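Please look over the chain below before reading the points.

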Amino acid sequence: MQPFEMVMNPKQVFLSVLIFGVAGLLLFMYLQVWIEEQHTGKVEKRREQKVTSGWGPMKYLQPVPRIKPQVSHA
């Protein structure tokens with residue numbers, strides 16, 4: 001088969017773009033953390049600064065208390 005005869009179907013194109021996109025995102029996140037560590041020295045220093053400055057980690061996935069509706073019995 002000649003190279004110009006090969007045609008990728010849409011599913012292959014989608015999967016290729018998706019895989020390369022995920023790999024690129026992971027590489028970008030890793031490099032961002034690595035660069036921040038180079039500039040600040042250590043990640044632990046930043047964590048200590050956050051704790052001493054009063055800004056603690058946010059807890060996003062905690063259950064929210066709900067107000068239960070009162071059902072009147074007639």
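1. Buried residues (under 20% relative accessible area, 1.4 Å probe, protein chains only) make up 0% of the 74 residues in the chain. This is a predicted model, in which local features need pLDDT of at least 70, side-chain atom pairs count only at pLDDT 80 or more, and totals for chains, interfaces and linings use all residues. Residues are numbered from 1 along each chain as its sequence is written, and side-chain values use heavy atoms, with hydrogens and water left out.

2. The accessible surface of the chain (Shrake-Rupley method, 1.4 Å probe) is about 8,100 Å², and carbon and sulfur atoms account for 66% of it.

3. Two helices and zero strands are found in the chain (DSSP runs: H or I of at least four residues for helices, E of at least two for strands).

4. UniProt, in an unreviewed entry, places a "transmembrane region" at residues 12–35; such annotations may be inferred rather than shown by experiment. Over residues 12–35 the chain is 100% helix and 0% strand, with 34 Å between the end C-alpha atoms.

5. V22 belongs to helix α1, residues 10–40. The relative accessible area of V22 is 44%, so V22 counts as partly exposed (between the 20% and 50% limits).
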